[in-house]
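Subject: Handing over the structure, with notes

Dear colleague,

I am passing this structure on to you, together with some notes on what was found in it. Please have the sequence and the model open beside you while you read.

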Amino acid sequence: MEVTFEHLDLPEYPSIPERLPKPAYSYRQDTGEYVGETTADPDQLVADNWLIPAQATLVPPPAMADGEAAVWSVDRWVIVQDVRGIKFLKSDGQAVQWADLGPMPDSLTDLPYPGEFHAWDGDSWKLDDKAELKSVTANALMKRDGLLAFATLRIAPLQDAVDIDDATASDIAMLKKWKQYRVALNRIEQQAEFPLNIEWPVVPS
């Protein structure tokens with residue numbers, strides 16, 4: 001049997017006026033951080049309804065000052081601290097990349113690490129004079145010991161020549177110079193400005 005629909009009463013849908021897209025505001029899925037503006041297209045079937053993209057809202061974010069970020073939280077924007085960037089560990093001054101929103105932990109500071117021998121005193125970096133002096137002294141004595149060892153190597157064959165009565169006048173003169181040099185090296189700790197300012201003896205030539 002043939003079925004026709006000419007007598008069926010079909011519902012009439014209301015005419016929906018043409019509308020322009022609305023601005024929408026995108027946020028990151030993981031952090032909720034506002035990332036920029038997009039658009040929401042009008043729903044062609046339902047008046048006053050908009051097709052909002054995923055991770056977006058029609059609610060505009062509030063104004064943000066430097067060091068702040070807007071984060072979408074359930075149904076509203078929340079302003080949080082944004083201090084991301086290079087920070088420094090108070091424990092040893094090591095530079096680290098802080099990548100989280102919100103206040104940074106107390107273990108970090110924005111103040112750049114001035115360098116070796118500085119320690120965090122609660123408010124700023126402070127030079128540890130004793131540690132610096134100890135290190136400078138150790139380095140000076142290490143250099144002295146290296147030069148003493150070199151001088152001893154140069155003295156040995158000259159002294160051998162003297163001991164076996166085979167030394168020339170030049171050998172004897174050079175031996176004296178190297179021994180004077182070695183004595184001077186051994187006395188650098190007696191200098192008034194040691195170890196910060198050392199007058200190193202001149203290598204014999």
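A place to begin is Ala69, whose bridge partner in E6 is Val80. Please keep in mind throughout that this is a predicted model.

The two strands behind that first pair are E5, which covers residues 68-73, and E6, which covers residues 76-81, and they pair in the antiparallel sense over 6 bridges. They form a hairpin with 2 residues between the strands, and in this hairpin Val74 takes a positive phi near 65°. Asp75 forms a salt bridge with Arg76, and the closest N and O atoms of this pair are 3.2 Å apart. Asp75 has a relative accessibility of 45%, so it counts as partly exposed.

Next come the sheets. One of them is an open sheet of 4 strands, in which the order is E3-E2-E1-E4 and the pairing is antiparallel. Its edges are held by strand E3 (50-51) and strand E4 (56-57), and because each of these has a single partner strand, one side of each is left without a neighbour in the sheet. The partner of E4 is strand E1 (residues 22-27), and these two pair in the antiparallel sense over 2 bridges. If you look for a residue pair that marks this contact, you will find Tyr25 opposite Thr57 in E4.

There is also an open sheet of 3 strands, with the order E8-E7-E9 and antiparallel pairing. Here E8 and E9 are the edge strands, each of which pairs on one side only. Strand E7 (residues 85-89) is joined to strand E8 (residues 95-98) over 4 bridges in the antiparallel sense, and to strand E9 (residues 108-109) over 2 bridges, again in the antiparallel sense. Along the contact with E8, the bridge partner of Lys87 is Val96, while Phe88 stands opposite Ala95; on the contact with E9, Leu89 stands opposite Leu108. As a general point for reading such pairs, the side chains in a regular strand alternate between the two faces of the sheet. E7 and E8 form a hairpin with 5 residues between them, and Gly93, which lies in the turn, has a positive phi of about 80°.

The charged residues deserve a separate look. How many salt bridges does the structure hold? There are 8 of them, and one is made by the side chains of Glu33 and Arg84, with 2.8 Å from N to O. This pair links distant parts of the chain, since Glu33 is in the loop between E1 and strand E2 (34-42) and Arg84 is in the loop between E6 and E7, 51 residues apart. Is Glu33 buried or exposed? Its relative accessible area is 12%, and therefore Glu33 is buried, whereas Arg84, with a relative accessible area of 31%, is partly exposed. The two residues also belong to a network of salt bridges in which Glu33, Asp82 and Arg84 are linked.

Another salt bridge joins the side chains of Asp106 and Lys90, at 3.2 Å from N to O. It too links distant parts of the chain, with Asp106 in the loop between E8 and E9 and Lys90 in the loop between E7 and E8, 16 residues apart. Asp106 is exposed, with a relative accessible area of 64%, while Lys90 is buried, with a relative accessible area of 18%.

Further along the chain, Asp160, Asp163, Asp165 and Asp166 form a negative surface patch. Of these residues, Asp166 has its place in the loop between helix H1 (129-163) and helix H2 (169-186), and its relative accessible area of 54% is the reason why Asp166 is described as exposed.

Finally, Ile198 is found in the segment after H2. With 16% relative accessibility, Ile198 counts as buried, and its C-alpha is 7.0 Å from that of Ile188, although the two residues are 10 residues apart in sequence.

With kind regards

Definitions and conventions
Residues are numbered from 1 along each chain as its sequence is written. This is a predicted model: local features need pLDDT of at least 70, side-chain atom pairs count only at pLDDT 80 or more; totals for chains, interfaces and linings use all residues. Side-chain values use heavy atoms; hydrogens and water are left out. Patches are made of residues with over 30% relative accessible area and no salt bridge: like charges are joined within 9 Å, nonpolar side chains (Val, Leu, Ile, Met, Phe, Trp, Tyr) within 5 Å. Accessible areas come from the Shrake-Rupley method with a 1.4 Å probe; for residues, only the protein chains shown count as cover. A salt bridge is a side-chain nitrogen of Lys or Arg within 4 Å of a carboxyl oxygen of Asp or Glu. Lys and Arg count as positive and Asp and Glu as negative; His and the chain ends are not counted. The place of a charge is taken as NZ of Lys, CZ of Arg, CG of Asp or CD of Glu. Buried means under 20% relative accessible area, exposed over 50%, partly exposed in between (1.4 Å probe, protein chains only). Two strands pair if DSSP finds at least two bridges between them.
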